[in-house]
Amino acid sequence: MSLQNLESQIRQVVESTPVLDIHTHLFPPAFGNLSLWGIDQLLTYHYLVAETFQYPGVTYDKFWSASITEQADWIWDQLFVERSPLSEVCRGVVTTLNSLGLDARQQDLKSLRGWFAEQNPNQFLDRCMELAGVSHIGMTNSPFDEDERGFWENGVEVDDRFVAALRLDPLLLDWRNASVTLRDLGYDVETDLHMLSVREDTVNEVRRFLKDWAEKINAKYVMVSLPPNFTFPSEEPSSHLLIEAVLPFCEARNLPFAMMMGVQRQINPQLRLAGDGVERSDLMALRHLCERHPQNKFLVTALSQENQQELCVLTSKFPNLHLFGCWWFMNTPSLVEQTTKLRLELLGPSFTMQHSDARIIDQLIYKWKHTREVLVKVLLDKYTDLEIAGWTAQRADIERDVKALFGGSFLEFCQAEEPALAGDETVPYGVRNL
Ligand code: FIX
Ligand code: ZN
């Protein structure tokens with residue numbers, strides 16, 4: 001195959017292969033105000049908030065007391081009018097608008113708002129998923145979030161393209177407060193986990209809580225984000241709860257346990273959701289988890305660039321570990337390119353290349369468009385090296401590899417051995433459209 005032909009084959013395959021987006025913060029329109037979309041939401045995305053505060057002119061108090069429209073006006077002016085939108089997240093807004101047929105340069109915010117106001121939420125979701133080439137969307141579902149809990153308790157009907165993930169950060173990282181919430185929800189738990197005799201009852205109640213919520217939301221995996229200094233095992237409640245409640249529960253149901261490692265929450269609380277930072281994680285905790293719990297399936301991503309090589313090596317040592325995504329501060333084209341190359345070089349196509357982490361439905365468009373652009377470059381490089389080595393990639397090979405990187409390897413990992421994850425015994429979820 002000529003180089004040009006190879007590139008065009010790769011591009012065609014990468015652009016047409018549907019994606020299983022395994023981690024987002026999106027909700028379908030049935031979740032009312034939790035389902036975010038539109039220009040003001042796009043512009044007040046927390047990545048853009050953090051970038052705007054790089055420039056003087058507005059105080060935290062003034063910004064947070066303003067309406068979302070005023071905040072969006074301010075961000076638009078600072079990042080798209082006063083300066084060129086060079087950052088990845090600004091480019092994302094431009095890509096998104098452009099893909100929707102809107103011109104970020106020609107249109108002022110008023111006319112953009114007018115266009116969005118005319119859209120129907122359900123049709124808009126369909127359009128974004130189609131433009132992004134996304135077949136399924138993994139949600140982040142927290143029983144600790146009062147607003148979200150209400151929807152589930154009222155029996156919300158979930159669009160079957162959305163896949164639930166049970167998010168457990170408060171349970172594992174803030175047991176003191178989580179135990180209060182559990183008691184409010186009717187689970188008879190003690191806050192003090194030191195005494196084994198007391199802990200047994202509490203652990204049983206935590207398992208009951210996990211069972212109730214996993215069933216209520218039809219969770220396909222369980223997730224947590226972890227601080228850089230997370231250690232395992234330890235004398236912290238997180239270790240007791242993991243060893244005695246969460247991991248046995250996940251194992252019994254063949255639910256993977258996903259860890260997003262390396263976020264230092266609220267290093268600048270004035271920035272609210274935009275105030276989190278990154279630090280290198282101690283991956284010894286991950287190693288211990290994989291070693292000591294071989295019957296559990298673990299999914300992992302790390303926020304720090306410095307962790308990426310070690311993470312690949314750990315993944316290659318533990319068949320119960322699956323590596324996914326370039327998370328948050330890692331999701332910039334230069335790092336995605338470098339990291340994806342490294343992963344292919346150390347692991348082959350056995351990992352999940354990316355998740356979007358989208359919070360606003362429209363963002364699916366740019367996050368996946370930009371990811372696909374990088375993947376074309378990376379695969380061209382890798383298949384060219386292979387060609388030189390004496391192995392010519394055929395179209396079917398490229399299709400198989402891209403499918404694996406966009407969710408196929410993930411499904412294979414999840415479904416290994418036990419059919420429990422499928423939910424439906426005959427058609428494993430997600431497989432239909434992949
Ligand atoms: O913990 C997470 O799932 C993070 O992805 C978010 O909390 C974070 O705010 C985010 O949106 C990153 O992309
Ligand atoms: Zn996230």
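User: Contact means heavy atoms within 4.5 Å. Leaving aside neighbours within four places in sequence, which residues is Leu168 in contact with?

Analyst: This model is predicted: local features need pLDDT of at least 70, side-chain atom pairs count only at pLDDT 80 or more, and totals for chains, interfaces and linings use all residues. Residues are numbered from 1 along each chain as written, chains are lettered from A and ligands numbered from 1 in written order, and side-chain values use heavy atoms, without hydrogens or water. With those neighbours set aside, the contacts of Leu168 are Phe144, Phe209, Leu210, Val222, Met223, Val224 and Val246.

User: Which helix gives the most to the largest nonpolar core?

Analyst: Such a core joins buried (under 20% relative accessible area, 1.4 Å probe, protein chains only) Ala, Val, Leu, Ile, Met, Phe, Trp, Tyr and Cys through side-chain atoms within 4.5 Å. The largest has 142 residues, and Leu168, Leu171, Val246 and Phe257 have the most contacts inside it. A helix is a DSSP run (H or I, at least four residues), numbered from the N terminus. With 11 residues, the top contributor is H17 (residues 363-389).

User: How does H12 lie relative to H13?

Analyst: The axes of H12 (residues 196-217) and H13 (residues 237-253) come within 10 Å and cross at roughly 40°. Angles of 35 to 65 or 115 to 145 degrees count as oblique. Therefore H12 relative to H13 is oblique.

User: Which residues of H7 meet H5?

Analyst: H5 (residues 68-81) and H7 (residues 109-117) pack at about 130°, with axes 11 Å apart. That makes H5 oblique to H7. From H5 come Thr69, Ala72, Asp73 and Trp76; from H7 come Leu109, Leu112 and Arg113.

How values were computed. Buried means under 20% relative accessible area, exposed over 50%, partly exposed in between (1.4 Å probe, protein chains only). Helices (H or I, at least four residues) and strands (E, at least two) are DSSP runs, numbered from the N terminus. Axes are lines fitted to C-alpha atoms, for helices over the stretch in contact, and angles run from 0 to 180 degrees between N-to-C directions.
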